[in-house]
Structure formats: C-alpha cells, structure tokens
Amino acid sequence: MPATSDADELLQSLVAALLRDHPPGEVDPEAFRAAQFDRGLAWVHHPEGLGGLGLPVQQQAVVDDLLALAGAPGPPDHSVIGYGMAAPVLLVHGTEVQQRRYLRPLFTGAEVWCQLFSEPGAGSDIAALATSARRDGGDWVVNGQKVWTSFAQLAHFGLLAARTDPGVPKHRGITYFVMDMHADGVEVRPLRQLTGDAEFNEVFFVDATVPDADRLGAVDGGWPVVLTTLMNERVMIGGALQRGAGPIQDALLLWQQAVNRDPVLRDRLVQLWIEAECLRLTTVRAAEQAKAGTPGPEGAVGKLAATVLNQRIYDLCMDLLGPAATLYDATAAGVRDDPRWQFLRSKANTIEGGTSEIMRNILAERVLGLPAEPRTDRDRPWRDVPRS
C-alpha cells in the first residue's frame, strides 16, 4: 500500500486523467460515473476491479474534493440507498460474483435500490418481521408485505430481510436477499404523504421467487447483514460533513432575505447554527470511527440529533417566512428546494430509519451500557410470540 503522499499523488493523477478524457458537462453523467468506477475512483478503499484501488478509505476525500471542484456529476438523488446501504453491505457480505454484478451499475445510477425491511407489524422492531421465504430447490419463494419503502417505484433491486425459520427466536430465523423488484409476484403501491409526494410505498410479495445465488450471508444468518445495513443507514442520515450545509443553510438564506430581522429569531438561528456545527463535528467523528470497519452504534447519535434538529430548523424557517409559510404549492417546479416542502417532509425524520425512541434505546444500552429494557420474546420461537 503506497504512503499517504504517494497515494495523494496517484489519485490526483488519475482524477486529472479522468477529467481530461471525460470533461464534465460534455459527457453523459452516467458515462462519467462509469469511467470513474472503472478507474478505481468510485470507492478507493474497494478492491481493484470493484470500483477501488485498495487504498485507505480516507483517501476518498482527495477524489471527492477534486471532482467537486471540477463540477463533476455526483450520485443521482435516487441512488442514496444504493450508495449508502447496498454498496457497503455488498462489500462486507456479498460474494465476488455479486459484487461484480451489482456494484458498477449501482454506482453509475443505471440501477436503483430500495430497502425492504419495515412491515406493518415490524417497523421499529425489524427482527419481528413476518415476510416469509420458503426454500424451493435453487430458489426461495417470498410472501408478505413491506411498507414505507423509499424509491420502490423506481428500484431495480431491493435489500430484503425475510423469515426463513419461524421455529427459532426472531433474530436467528432471518435470511437476507437481493430481490429483483421486477420479478413476478412483486407489487408496488405508492403511499401519498403530507408533502403531496408519493416517495414511500407498500410492497407486496405473492409467491415471488428469488434465486439462492442472490442470498447475502448464511441461511437463517441474515441478522448481522441487517445490522450492517442499519448502521450504515444511520451514518448516512446523520448529517452534513460541510460547515453550514444542509438545513441550517436554508435558515441562513431566509434570514438574509428577511424584511423583519427580529432579535428573538436571530437568537434562535444562532443557537441552531451552534447545534448544527456540534452535530457536524460529531458526524465527522463517527465517520472517522466507521472508517476502521463496519459502523457501530455511534451512528445512532448523529441520526437522533440530526432528525430532531432538522425539525427545529424548519420550524424556524416557517417563522422567518411569516404568512408566506402558508403558500405551499405541491405542484410547483422545484418544490423540493422550498423550505415549506422541507418543513412538511421533516416530520417523517424522527420515524424513518429507526424512531427516536429506538435510537435512544440503542444509545442507552450499547453506548452508555445502561440496563436493557425487559424483553419477553428474546428466547421464544418467533411463531410463539403474540402479534397484533
């Protein structure tokens, strides 16, 4: 492995060649990302041939900074689950065949991913899931329902956790699959939300089949794969790494445009900016810890703090807008950049990706070492546990 200075020099040379051969603005964004992957600049810590160069993960910042400076295309909005969850899960738990099949089109944006975890009776308690997968020769037959599935209406593949052995305690009878979202027996139904959008969905499986070759991890050993996914999800949700970015930037822009700069609102803005900066530094620390391996429970800190802070910031934005805050138009062009859309959307932040109550339990038990809440179902077979 080259020394840091040598690695920096190598990456600078490779990025320069990429930009020379594929000038941003002159090539299709998907083609640019394909070239970036092929040159090992997608995730530099991945092995060669899988979008990387076998370098320390910290070196990715060199690539990202140079590409951002050149105006290179970043990941598409609909690839957030692929980048934030599917890629790290495939790297840790996937076979080489799976990695070579899925990572490149995931990175280019040619294939969209979703996460098939939450169910009507298993939201915060993912291990209670009831969607079943039954072995049938070289395939598995899936039946059940998932809900709150972002991007399912666009997705080519889903990260599916399913019950494969109901006769053992809930954490031990789960198997993890890559589900083809266009397979027979898979139905996606949109859920209309407060913003007027339908970015969440219900997903139904009726005798849908998934090949055993698309299983990630061992049969009945899917819970560690689920944990890898959730820990990466919480780091992903945790907040911005750039000072003044994200929701607090929206609030600052509104303050600059405000006619009535009320000192009470100014005080709230300053306090929220301080909290956003504390969160950013906490997120940086958690990200640095994650670089040593699979993210741990520390990601719950960022997720919990970011989601509550988002809601408070957009509450302030509505106060800065005054009466204009009521003029929300769900059909307007660019509505997702409107703080009024963000205000409505932020109401889901403390639910999605693990509720705030669950995040507090994780922090209490796994970070602070406090006594766990009493659980009567831990050692009982899943099929014997009462369900509503």
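## Exercises on a predicted model

In this predicted model, strand β4 sends Phe157, Leu159, Ala161 and Arg163 to one side and Gly158, Leu160 and Ala162 to the other, and all of these residues are buried. Let's start there and work outwards.

### Exercise 1: β4 and its partners

Work out how enclosed β4 is, and which strands pair with β4.

*Solution.*

Step 1. Begin with burial. Seven of the seven residues of β4 are buried, so the rest of the structure largely encloses this strand.

Step 2. Look for a parallel partner. β1 pairs with β4 in the parallel sense, over four bridges. Within this pairing, Gln115 stands opposite Leu159 in β4.

Step 3. Look for an antiparallel partner. β4 and β5 are joined by seven bridges in the antiparallel sense. Here Gly158 stands opposite Met179 in β5.

### Exercise 2: Moving on to β5

Is β5 largely enclosed or not, and how does it pair with β8?

*Solution.*

Step 1. Count the buried residues. Six of the seven residues of β5 are buried, so β5 is largely enclosed by the rest of the structure.

Step 2. Turn to β8, which spans residues 215–216. Its pairing with β5 is antiparallel and has two bridges.

Step 3. Find a facing pair. Tyr176 stands opposite Leu216 in β8.

### Exercise 3: The nonpolar cores

Identify the residues that touch the most other members of the largest nonpolar core, and the elements that supply this core.

*Solution.*

Step 1. Recall the general tendency. In soluble globular proteins, nonpolar side chains tend to be buried together.

Step 2. Pick out the best-connected members. The largest nonpolar core has 53 residues, and Trp113, Met179, Met181 and Phe205 touch the most other members.

Step 3. List the suppliers. At least two core residues come from each of α4 (80–93), α5 (96–108), β1 (113–116), β3 (139–146), β4 (157–163), β5 (174–180), β7 (200–211) and α6 (223–237). The largest share, seven residues, is supplied by α4.

Step 4. Check for another core. There is a second, separate core of 18 residues, and Ala251, Leu272, Tyr314 and Cys317 are included in it.

Step 5. Zoom in on Met181. Leaving out residues up to four places away in sequence, Met181 touches Cys114, Leu116, Ala152, Ala155, His156, Phe157, Gly158, Val186, Val188 and Val203.

### Exercise 4: Two helices against α5

Describe how α4 and α2 each pack with α5.

*Solution.*

Step 1. Take α4 with α5. Their axes come within 10 Å and cross at roughly 160 degrees. An angle over 145 degrees counts as roughly antiparallel, and therefore α4 is roughly antiparallel to α5.

Step 2. Add the handedness and the residues. The crossing of α4 past α5 is left-handed. On the α4 side, the contact is made by Gly82, Tyr83, Ala86, Ala87, Leu90, Leu91 and His93, and on the α5 side by Gln98, Gln99, Tyr102, Leu103, Leu106 and Phe107.

Step 3. Now take α2, residues 29–38, with α5. The axes of these helices are 8 Å apart, and the packing angle is about 135 degrees. α2 and α5 are therefore oblique to each other.

Step 4. Finish in the same way. α2 passes α5 in a right-handed crossing. Glu30, Arg33, Ala34, Gln36, Phe37 and Asp38 of α2 make the contact with Leu103, Arg104, Phe107 and Thr108 of α5.

### Exercise 5: Three single residues

Place Gln60, Ser13 and Leu281 in their helices, and decide whether each is buried, partly exposed or exposed.

*Solution.*

Step 1. Gln60 is in helix α3, which covers residues 60–69. Its relative accessibility is 10%, and buried means under 20%, so Gln60 counts as buried. Beyond its neighbours within four places in sequence, Gln60 is in contact with Leu41, Ala42, Trp43 and Val44.

Step 2. Ser13 belongs to helix α1, residues 4–21. With a relative accessibility of 45%, Ser13 counts as partly exposed. From C-alpha to C-alpha, Ser13 and Ala34 are 18 Å apart in space, and 21 residues separate them in sequence.

Step 3. Leu281 lies in helix α8, residues 263–290. Leu281 is partly exposed, since its relative accessible area is 45%. Leu281 and Gln242 are 39 residues apart in sequence, with 9.4 Å between their C-alpha atoms.

Methods
Residues numbered from 1 in each chain as written. Predicted model: local features only at pLDDT ≥ 70, side-chain atom pairs only at ≥ 80, totals over all residues. Heavy atoms only, no water. Buried < 20%, exposed > 50% of the residue type's maximum accessible area, 1.4 Å probe, protein only. Contact = heavy atoms within 4.5 Å. Core = buried A, V, L, I, M, F, W, Y, C linked by side-chain atoms within 4.5 Å. Pairing = 2+ DSSP bridges. Axes fitted to C-alpha atoms, helices over the stretch in contact; angles between N-to-C directions. Parallel < 35°, antiparallel > 145°, perpendicular 65-115°, else oblique. Left-handed = near helix turned anticlockwise from the far one by under 90°.
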